[in-house]
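Here are a few short exercises to work through with the model open beside you. Try each task before you read its solution.

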Amino acid sequence: MDRRRDIPRTDVVLADPRLRAATERLGREPVKAAVHAAQQRARAGKLAPEDVTDAAVAGLPGTAGGLRPVLNATGVVLHTNLGRAALSSAAVDAIVAASGATDVELDLSSGKRARRGRTALAALAAAVPRAEAVHVVNNGAAALVLAATALAAGREIVVSRGEMVEIGDGFRLPDLLESTGARLREVGTTNRTSPADYAAAVGPETGFILKVHPSNFVVRGFTSAAPVRSLTGFGVPVVVDIGSGLLAADPLLPDEPDAAGTLRDGADLVIASGDKLLGGPQAGLLLGSAALVERLRRHPLARALRVDKLTLAALEATVAGPVPPTWQALRYDPEELRERTVRLCARLDRAGAEVIPSVAVVGGGGAPELQLASWSLSLPLAYAEPLRHADPPVVGRVERGRLLLDLRCVPSAADELVLRAILAAGD
């Protein structure tokens with residue numbers, strides 16, 4: 001007798017109490033998809049018919065969303081493909097608290113409408129006292145687009161040729177700025193630009209001078225760049241895109257500009273990202289002159305670039321709360337990391353594993369030359385794909401034909417998950 005006839009019908013499987021509960025939590029379609037996948041395995045002879053229901057339960061997604069939590073063992077702290085900064089538990093709690101009805105635009109004392117995200121903006125302003133005003137949009141590129149549209153549409157933006165960067169995925173700064181209707185007035189050369197170059201270019205058509213920190217590359221040799229303080233006497237606003245999101249100077253990152261220092265040097269407006277070195281959610285931060293920030297805030301485009309309540313909640317918790325995982329990962333004690341990796345390796349005598357010194361990096365378009373002394377668990381390359389399909393997926397990096405797992409960005413509480421995934425991948 002063909003046992004495929006014994007495969008239970010979909011409605012019978014869905015009647016299981018565990019799957020009924022899952023339908024309430026996840027919705028009907030994801031649950032049906034898990035049931036159909038289990039049935040298909042049974043039809044292919046890879047699963048006994050009586051195990052279909054249990055397999056469907058085991059195959060249920062953790063959430064109704066398509067994004068899966070991943071263990072970042074790449075040694076890249078801000079991995080763009082993995083969503084850059086991991087949020088702190090305080091930021092996660094703030095998102096959950098803000099997920100329902102909130103007072104995001106309501107003053108509970110008066111019952112009247114209030115400034116949207118006022119507590120998050122106040123926390124950001126408190127973190128950078130030199131900023132007369134602050135505003136937040138949905139990412140760093142949006143902040144730059146808003147500034148260009150509000151201050152230079154139909155006019156010129158003076159920018160160094162050496163700062164005409166590509167920001168990732170093929171998007172280039174010149175294209176981004178020109179899409180706003182602004183004209184670019186390029187000055188200097190790729191490797192050298194002086195204050196005199198800017199002075200010669202500034203005129204009645206100038207909307208602002210733009211300086212862009214080349215955060216994802218370094219030019220060495222016969223080079224020079226005009227510091228911010230040398231550009232403040234030309235009678236036009238100086239806008240500086242620092243990129244990475246440092247609000248204050250960090251001794252670990254001496255080559256990364258920070259918002260407070262850039263404003264101190266005379267910038268009228270500073271643009272930064274929230275999901276890079278700041279360690280928060282994706283956001284574009286605008287800090288600086290009260291008049292300029294208000295002009296941007298009231299521009300019609302600002303409405304289209306507005307952040308939602310969840311971003312505001314996470315940003316406030318990041319700025320005002322405990323140090324985020326990004327800060328911790330950048331400062332992870334190498335000796336502690338080595339000991340942790342050795343303990344994991346000791347339980348993998350059949351996995352062909354070894355502990356080796358390695359180098360971690362910042363990633364995410366920040367501190368391109370900074371190398372962090374680290375340690376990695378080295379495994380045969382054959383483990384890479386099975387680990388990416390583990391639950392949760394474990395993503396490492398490949399070097400010289402070996403898979404390296406750097407635990408720097410993996411919570412120590414998840415070491416058992418990594419161990420189980422490696423053992424399963426080796427079976």
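**Exercise 1: two packed helices**

Helix H7 (residues 140–152) packs against helix H11 (residues 290–297) at an angle of about 100°, and their axes are 9 Å apart. This is a predicted model, in which local features need pLDDT of at least 70, side-chain atom pairs count only at pLDDT 80 or more, and totals for chains, interfaces and linings use all residues. Residues are numbered from 1 along each chain as its sequence is written, and side-chain values use heavy atoms, with hydrogens and water left out.

Task: How are H7 and H11 oriented to each other, and which residues make the contact?

Solution.
- Step 1: Axes are lines fitted to C-alpha atoms, for helices over the stretch in contact, and angles run from 0 to 180 degrees between N-to-C directions.
- Step 2: Since 65 to 115 degrees counts as roughly perpendicular, H7 and H11 are therefore roughly perpendicular to each other.
- Step 3: With contact meaning heavy atoms within 4.5 Å, H7 contributes Leu146, Ala147, Ala150 and Leu151, while H11 contributes Leu292, Arg295 and Leu296.

**Exercise 2: an open sheet**

Task: What is the strand order of the open sheet of four strands, and which are its edge strands?

Solution.
- Step 1: Strands pair if DSSP finds at least two bridges between them.
- Step 2: The order reads S13-S14-S17-S16, with antiparallel pairing.
- Step 3: Strand S13 (354–363) and strand S16 (397–399) are the edges, each pairing on one side only.
- Step 4: From one strand to the next, the twist averages 45°.

Technical notes. Parallel < 35°, antiparallel > 145°, perpendicular 65-115°, else oblique.
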